[in-house]
Amino acid sequence: MKNTENEVQLKSSRKAAAVLNEHFASEGMKKLYPMIIDGQKIRTGRQIDVINPATAAVFASAARADESMLNTAVAVAQRAFPSWSAMPLPERAALMHKLADALQAHADEFARLIVMEQGKPLAEAQKEAPAGIALLRYMADHVDYAPVMLKSDGDTRIVEHRRPLGVVAAITPWNDPLRLLIIKLAPALFAGNTVIAKPAATTPLSTCFLGEIWNEILPPGVFNVICDNNDLGDALSSHPGIKKIGFTGSTATGMKVMASAAGTLKRLTLELGGNDPALVLDDVDPVETAQRVFAAAMANAGQVCLAAKRIFVPASMYDAFCNELARLAEATIVGDGLDPATTMGPIQNAAQYQKALGYLDDARSSGTIIAGGVPVPGPGYFIRPTIVRDIPDSARLVREEQFCPVLPVLSYDDLEEAIKRANATDYGLGATVWGSDLKRAFDVAMRIEAGTVWINEHMVFDFGVTARGAKFSGFGGELGPEGYNSYTQGYVVFQKGGNYEK
Ligand code: NAD
């Protein structure tokens with residue numbers, strides 16, 4: 001599709017979405033979202049304006065906490081902990097199902113709210129609540145914190161017990177505001193902890209809304225929501241009343257969290273940035289594989305931690321592969337996520353948009369742009385998906401995590417050398433390998449330094465399997481036994497002389 005056609009489509013797309021925006025505003029969406037502390041809706045004088053990135057206009061606001069409110073939230077969460085943690089697990093499991101039911105009942109509202117605060121297309125936003133619902137039900141039905149017999153030998157029994165930690169904090173980024181929150185809340189609450197959630201400053205609303213509906217079900221103080229303007233993270237991470245931080249965000253901020261948490265020796269789960277390689281092998285169909293790699297790179301306008309961010313392609317198929325990526329980029333309908341025709345939304349916030357413009361400059365000077373390469377004229381934070389070829393590994397766009405739809409495609413002659421180049425990064429979050437010879441693809445996957453490597457697929461998760469970063473992409477992991485147990489403390493008891501528990 002030509003750029004002029006895209007412009008026309010964007011205009012009509014924006015018109016349709018403007019009507020929807022107006023509709024939601026009149027429905028009462030344009031309002032102040034309260035924080036939740038001790039089950040109470042807290043509306044403060046200080047507020048955070050929330051901008052719809054598709055219009056660059058404020059459409060709602062969130063109440064904003066100061067440090068004394070944070071201290072109150074910690075105090076009420078501490079007070080709620082003894083009775084919540086003492087609740088028998090089956091009762092908490094029943095409550096997890098009720099939380100899932102509530103999420104289900106409001107799934108449409110969440111989806112629209114996520115589009116408006118985050119920007120992603122409605123079809124992508126509609127996946128966040130169901131992912132949370134499925135995890136809550138999985139936890140309730142499959143996860144058990146019953147004591148585990150480690151050894152039973154004669155009259156010696158070694159048993160591991162698990163107890164919740166106390167008050168834990170969930171700090172989340174702006175790219176998947178609901179999904180990445182519930183991935184922390186489900187294990188934290190189910191294990192018997194009380195929680196303080198702190199969303200990103202640009203996407204606080206879905207967290208506030210979740211606080212509202214879940215506090216109709218949970219006892220006061222069990223799930224608290226505070227909002228900040230990127231200024232309470234240090235106070236949270238260093239707070240002596242908080243026992244663990246479940247953090248998802250950039251590597252730079254993760255390092256700050258680790259430093260702030262050191263003085264209180266907090267437990268940490270750090271899910272950080274990535275610069276995931278996609279390694280294309282020489283026995284695939286270039287056109288078909290380019291289509292799958294494009295999807296892996298461009299979902300949520302490239303603002304996915306596990307997006308394919310550096311594409312390594314054999315020289316023999318480089319032209320065909322690049323051309324297909326360029327065709328797909330040109331065919332993308334960039335626009336307001338509320339328009340059903342939109343296949344790519346805006347960059348989520350002004351700061352990230354400026355970063356994206358910087359990567360476009362870098363692409364122009366270090367490589368060859370074969371599709372996109374231009375910001376879309378305002379008012380929203382749109383840029384067209386951009387394909388960059390003939391760019392060296394030393395370019396900023398290749399070395400750094402771009403977190404936007406500007407994609408470098410790198411040619412290789414020798415697979416050994418490509419594996420080395422794929423691993424030549426501090427990051428180690430995820431990777432994909434694309435090949436027809438599955439044995440060879442597996443051998444390559446085994447040599448990639450990343451917490452999760454997919455072969456011929458992307459972003460497939462299993463609630464029973466832990467997802468974790470390697471190297472500067474973090475540690476700790478979410479999901480799976482390791483993820484769930486990280487919200488508990490294990491205690492091992494050596495029992496000599498038989499079973500005296502009963
Ligand atoms: P960010 O690091 O800027 O912010 C993340 C959160 O940390 C926000 O809530 C922010 O307010 C808070 N924060 C800021 N300063 C803090 C401090 N000193 N102490 C504690 N918290 C503080 O990240 P972002 O820009 O919102 O998100 C994008 C980044 O997140 C990308 O790097 C992306 O790869 C990463 N990410 C990782 C995963 C994963 O699972 N590994 C998932 C999604 C996003």
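Glu401 is buried in this predicted model, with a relative accessible area of 18%, a value that falls under the 20% that sets the limit for a buried residue. Its salt-bridge partner is Lys309, and the closest N and O atoms of the two side chains are 2.8 Å apart. The pair links distant parts of the chain, since Lys309 belongs to strand β14 (residues 308-314) while Glu401 sits in the loop between α14 (396-399) and β17 (406-412), 92 residues apart. Lys309 is also buried, with a relative accessible area of 2%.

This pair is one of the 26 salt bridges that the structure holds. Another joins Asp155 to Lys496, with 3.9 Å between the closest N and O atoms. Because Asp155 lies in the loop between β6 and β7 and Lys496 in strand β23, this salt bridge ties together parts that are 341 residues apart in sequence. Where the pair of Lys309 and Glu401 is buried at both ends, Asp155 is partly exposed at a relative accessible area of 40%, and Lys496 is exposed at 60%.

The loop that carries Asp155 leads to the strands on either side of it. Strand β6 and strand β7 (residues 156-164) pair in the antiparallel sense, over 5 bridges, and within this pairing Lys151 has Ile158 of β7 as its bridge partner. The hairpin formed by β6 and β7 has 2 residues between the strands, and in this hairpin Gly154 takes a positive phi near 65°.

Strands β6 and β23 come up again at the surface. A nonpolar surface patch of about 380 Å² is made by Val148, Leu150, Val492 and Phe494, and the elements that give two or more residues to this patch are β6 (148-153) and β23 (488-496). Among the members of the patch, Phe494 has its place in strand β23 and is exposed, with a relative accessible area of 60%. As general background to such strands, the side chains of a regular strand alternate between the two faces of the sheet.

A further group of charged residues brings the reader to a helix. Lys120, Glu128, Asp176 and Arg179 are linked in a network of salt bridges. Within this network, Asp176 forms a salt bridge with Arg179, the closest N and O atoms being 3.5 Å apart. Asp176 is buried, with a relative accessible area of 11%, whereas Arg179, at 27% relative accessibility, counts as partly exposed.

Glu128, another member of the network, is one of the buried residues of helix α6, together with Ala129, Gly132, Ile133, Leu135, Leu136, Met139 and Ala140. Seen down the axis of α6, these buried residues fall within an arc of 165°, and they therefore line one face of the helix. The face of α6 turned away from that buried side carries the exposed residues Asp141 and His142. The length of helix α6 (residues 128-142) can be checked as well: at 1.5 Å a residue, its 15 residues should span 21 Å, and this agrees with its end C-alpha atoms, which are 21 Å apart.

Conventions: Residues are numbered from 1 along each chain as its sequence is written. This is a predicted model: local features need pLDDT of at least 70, side-chain atom pairs count only at pLDDT 80 or more; totals for chains, interfaces and linings use all residues. Side-chain values use heavy atoms; hydrogens and water are left out. Patches are made of residues with over 30% relative accessible area and no salt bridge: like charges are joined within 9 Å, nonpolar side chains (Val, Leu, Ile, Met, Phe, Trp, Tyr) within 5 Å. Accessible areas come from the Shrake-Rupley method with a 1.4 Å probe; for residues, only the protein chains shown count as cover. A salt bridge is a side-chain nitrogen of Lys or Arg within 4 Å of a carboxyl oxygen of Asp or Glu. Helices (H or I, at least four residues) and strands (E, at least two) are DSSP runs, numbered from the N terminus. Buried means under 20% relative accessible area, exposed over 50%, partly exposed in between (1.4 Å probe, protein chains only). Two strands pair if DSSP finds at least two bridges between them. The expected span of a helix is 1.5 Å times one less than its number of residues. The arc is that of the directions from the helix axis to the C-beta atoms.
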